[in-house]
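Work through the following exercises with the sequence and the model side by side. Each task is followed by a solution that proceeds step by step.

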Amino acid sequence: MVSAQQRREAVRFLKRRKLSERRGCALVGIGRSSFRYETHPRDDAPIAKKLRGIARRHKRYGYRRAWATLVRQGERINVKRVYRIWRQQGLTRPSRKRRPRGKPKGSVPLQAEYPNHVWTYDFMQDATLDGRKMRILTLIDEYTRESLAIEVGRRMPAKAVIAVLERAFAKYGLPAYLRSDNGPEFIAKAVQTWLAKQGVKTHYIDPGSPWQNAFGESFNDKLRDECLNMEVFVSLAEAKVILERWRRYYNHERPHSSLGYLTPKEYKARWASIPAGALPPDPRSLSPSGPPDGQNSQKERQSDPPCPSVRPPATALGSLSSGALSSGRVTSSVP
């Protein structure tokens, strides 16, 4: 594809060959007014410097999250401009090869409607430098996406799982439901009995159905990509310190695209400020404009993407199975 600047250069070449401006513009396919237009390029150096700093600090960020970070710092900037500078600076990271997606497997059952409605916990595995395995227990609130705990150990029996849950319940309150797969630690009689005494209901996903635990799988993927794959743990103690530091960063600093590029803590505080009985705002306008690939609609090309704003995740409008709602903060129907 020939750019406008290249067309102008072609017309200038023809004029040096004694061809008229009118004839040169007609041959090249550019209007005379466009040929005479003088560009006024903006100085992108300050933005480029900030983007390089963001890329150095957050090596797994893409241009969208870098744009959100700039806006959170007070910059008024178009996401398409960030995309252009990001590519010019060579900051685009290689994309991961993803498996081809098959047919849709179904939706997430029992979607969270408010904080402390549905929590999910799951295990991950990694190793220290000496090759010894580590088990990592993650616990998140599905509605606010907040990471409630990341516990590390060589072994994580049912007793250790109960200890993690006990500390989380004391700090954040009791959830209505606790989602998990059918791992032996989660279906252990000791865990089920203890949860029943606390009044917390369990929700086990169907075997071989990880999409039913989509929020937990998504969090684990971010933890793997942004922390575990970027670190070499010398010891178990070091792993605990680094993972806890990442958990705090995830909750307090990392903008989350599903929350309108708010952090989980910011979104939770925003939700708490909503009057009792009021529904959260419509989340459908969360996604910013895509890259300038020429495939966007005319309306998207003519308008700047919105700055990150407070919006709930899409699950705020999801439906629940009967009996799932028990909070007075949420109405029983969605318009």
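## Exercise 1: Gln5 and its surroundings

Gln5 has its place in helix H1, in a model that is predicted.

Task: Decide whether Gln5 is buried, partly exposed or exposed, and state which residues are in contact with Gln5 once its neighbours within four places in sequence are left aside.

Solution. Begin with the relative accessible area of Gln5, which is 34%. Since buried means under 20% and exposed means over 50%, Gln5 is partly exposed. Next, with the neighbours within four places in sequence set aside, the contacts of Gln5 are Arg12 and Thr39. Finally, look at Phe35, which is 30 residues from Gln5 along the chain, and whose C-alpha atom is separated from that of Gln5 by 8.5 Å.

## Exercise 2: The packing of H1 and H2

Task: Describe how helix H1 (residues 4-16) and helix H2 (residues 21-28) are placed relative to each other, and say which residues make the contact.

Solution. Two packed helices are described by the angle between their axes and the distance between the axes. For H1 and H2, the axes come within 9 Å and cross at roughly 135°. Angles of 65 to 115 degrees count as roughly perpendicular and those over 145 as roughly antiparallel, and H1 and H2 are therefore oblique to each other. Their crossing is right-handed. On the H1 side the contact is made by Arg7, Ala10, Val11, Leu14 and Lys15, and on the H2 side by Glu21, Gly24, Cys25, Leu27 and Val28. By class, this contact of H1 with H2 has 6 nonpolar, 1 polar and 3 charged residues.

## Exercise 3: Two further helix pairs

Task: Carry out the analysis for H4 with H5, and then for H9 with H10.

Solution. Helix H4 (residues 45-57) packs on helix H5 (residues 63-72) at an angle of about 115°, and their axes are 10 Å apart. That angle makes H4 roughly perpendicular to H5, and H4 passes H5 in a right-handed crossing. The residues that meet are Ile47, Lys50, Leu51 and Ile54 in H4 and Ala66, Thr69 and Leu70 in H5. Sorted by class, the contact of H4 with H5 has 5 nonpolar, 1 polar and 1 charged residues.

Turn now to helix H9 (residues 214-226) and helix H10 (residues 236-252), which pack at an angle of about 120° with their axes 12 Å apart. This angle makes H9 oblique to H10, and H9 passes H10 in a right-handed crossing. H9 contributes Phe219, Lys222, Leu223 and Glu226 to the contact, while H10 contributes Leu243, Trp246, Tyr249 and Tyr250. The residues of the contact of H9 with H10 divide into 6 nonpolar, no polar and 2 charged.

## Exercise 4: Loop residues

Task: Locate Arg145, Tyr261 and Leu174, and say what can be stated about the backbone or surroundings of each.

Solution. Start with Arg145, which lies in the loop between strand S2 (133-141) and strand S3 (147-153). Although Arg145 is not a glycine, its phi is positive, at about 65°, and at 9% relative accessibility Arg145 counts as buried.

Tyr261 is found in the loop between H10 and helix H11 (264-272). Tyr261, which is not a glycine either, has a positive phi of about 60°, and its relative accessibility of 6% places it among the buried residues.

Leu174 lies in the loop between helix H7 (158-172) and strand S4 (177-180), and with a relative accessible area of 43% Leu174 is partly exposed. Leaving aside neighbours within four places in sequence, Leu174 is in contact with Asn116, Phe169, Gln198 and Val200. Of these, Gln198 is 24 residues from Leu174 along the chain, and the C-alpha atoms of Leu174 and Gln198 are separated by 7.9 Å.

## Exercise 5: Cysteines and the whole protein

Task: How many disulfides are counted, and are Cys25 and Cys227 buried or exposed?

Solution. A disulfide is a covalent bond between the sulfur atoms of two cysteines. When the cut-off for a pair of cysteine sulfur atoms is set at within 2.5 Å, the count comes to 0 disulfides. Cys25 counts as buried at 3% relative accessibility, and Cys227 is buried with a relative accessible area of 3%.

To finish, consider the protein as a whole, which has 12 helices and 5 strands. Buried residues make up 44% of its 335 residues. Among the contacts with a separation of 6 or more, 68% are accounted for by residues 24 or more positions apart.

Conventions:
Residues are numbered from 1 along each chain as its sequence is written. This is a predicted model: local features need pLDDT of at least 70, side-chain atom pairs count only at pLDDT 80 or more; totals for chains, interfaces and linings use all residues. Side-chain values use heavy atoms; hydrogens and water are left out. Axes are lines fitted to C-alpha atoms, for helices over the stretch in contact, and angles run from 0 to 180 degrees between N-to-C directions. Helices (H or I, at least four residues) and strands (E, at least two) are DSSP runs, numbered from the N terminus. Angles under 35 degrees count as roughly parallel, over 145 as roughly antiparallel, 65 to 115 as roughly perpendicular and the rest as oblique. A crossing is left-handed if the near helix is turned anticlockwise from the far one by less than a right angle, and right-handed if clockwise. Contact means heavy atoms within 4.5 Å. Ala, Val, Leu, Ile, Met, Phe, Trp, Tyr, Cys and Pro count as nonpolar, Asp, Glu, Lys and Arg as charged, and the others, Gly among them, as polar. Buried means under 20% relative accessible area, exposed over 50%, partly exposed in between (1.4 Å probe, protein chains only).
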